[in-house]
Amino acid sequence: MGLINAAFTFVLGYFIIEFIKKKKDMLKNIPIISNLIGEPSQEKDKVSNDAWFLLAGFVIKDLLI
């Protein structure tokens, strides 16, 4: 059951990160998301590595539980 939960978490997280990449300009005023987006000087289609680390942490948690 953990493998199914981890796979679902990965897919959902991946699509959320892709949504954040596409709507970066609209979401820059939200405090938590603005930290994950990164600085405005970065490329438009990039998201901070912290977002990927958070996703990996949640996937590992679901895999182990």
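**Entry 1: starting at Leu 3**

I began with Leu 3, which sits in helix H1, the run of residues 2–22. I keep in mind throughout that this is a predicted model. Is Leu 3 buried or exposed? Its relative accessibility is 63%, so I put Leu 3 down as exposed.

Next I looked up which nonpolar patch Leu 3 belongs to. Leu 3 joins Ile 60, Leu 63, Leu 64 and Ile 65 in a nonpolar surface patch of about 600 Å². Which element gives the largest share of that patch? I found that helix H4, residues 49–64, supplies it with three residues.

**Entry 2: Thr 9, further along H1**

Thr 9 is also in helix H1. I noted a relative accessible area of 18% for Thr 9, and because buried means under 20%, Thr 9 counts as buried. What does Thr 9 touch, once neighbours within four places in sequence are left aside? I listed Leu 55, Phe 58, Val 59 and Asp 62 as its contacts.

I then ran the lookup from Leu 55, with the same kind of neighbours within four places set aside. Leu 55 is in contact with Thr 9, Phe 10, Gly 13, Tyr 14 and Ile 17.

**Entry 3: the rings**

Two of those contacts of Leu 55, Phe 10 and Tyr 14, sent me to the aromatic pairs. How many are there? I count three aromatic pairs. The rings of Phe 10 and Tyr 14 have centres 6.4 Å apart and planes at 25°, so I log this pair as stacked. Phe 10 and Tyr 14 are four residues apart in helix H1, which means about one helical turn between them. I have Phe 10 as partly exposed at 42% relative accessible area, and Tyr 14 as partly exposed too, at 34%.

Tyr 14 also pairs with Phe 15: their ring centres are 5.8 Å apart and their planes meet at 70°, so that pair is edge-to-face. Phe 15 itself is exposed, with a relative accessible area of 53%. Which residues do the ring pairs link into a cluster? My list reads Phe 10, Tyr 14, Phe 15 and Trp 52.

**Entry 4: the nonpolar core**

A general reminder to myself: in soluble globular proteins, nonpolar side chains tend to be buried together. Here I looked up the largest nonpolar core and found 10 residues. They are Ala 6, Ile 17, Ile 20, Leu 27, Leu 36, Ile 37, Val 47, Ala 51, Leu 55 and Val 59. Which elements give two or more residues to this core? The answer is H1, H4 and helix H3, which spans 31–37. I was pleased to meet Leu 55 and Val 59 again in this core, as both are contacts of Thr 9.

**Entry 5: salt bridges**

My search of the whole structure turned up two salt bridges. One joins Lys 21 to Glu 18, with the closest N and O atoms 3.3 Å apart. Lys 21 and Glu 18 both lie in helix H1, three residues apart, or about one turn of the helix.

I then turned to Asp 62, a contact of Thr 9. The side chain of Asp 62 meets that of Lys 61 in a salt bridge, at 2.9 Å from N to O. Are these partners buried or partly exposed? Asp 62 is buried, with a relative accessible area of 15%, whereas Lys 61 is partly exposed at 38%.

Notes:
Residues are numbered from 1 along each chain as its sequence is written. This is a predicted model: local features need pLDDT of at least 70, side-chain atom pairs count only at pLDDT 80 or more; totals for chains, interfaces and linings use all residues. Side-chain values use heavy atoms; hydrogens and water are left out. Patches are made of residues with over 30% relative accessible area and no salt bridge: like charges are joined within 9 Å, nonpolar side chains (Val, Leu, Ile, Met, Phe, Trp, Tyr) within 5 Å. Accessible areas come from the Shrake-Rupley method with a 1.4 Å probe; for residues, only the protein chains shown count as cover. A salt bridge is a side-chain nitrogen of Lys or Arg within 4 Å of a carboxyl oxygen of Asp or Glu. Buried means under 20% relative accessible area, exposed over 50%, partly exposed in between (1.4 Å probe, protein chains only). Contact means heavy atoms within 4.5 Å. Rings of Phe, Tyr and Trp (its six-membered ring) pair if their centres lie within 6.5 Å; planes under 30 degrees apart count as stacked, over 60 as edge-to-face and the rest as tilted. A nonpolar core is a set of buried Ala, Val, Leu, Ile, Met, Phe, Trp, Tyr and Cys residues joined through side-chain atoms within 4.5 Å.
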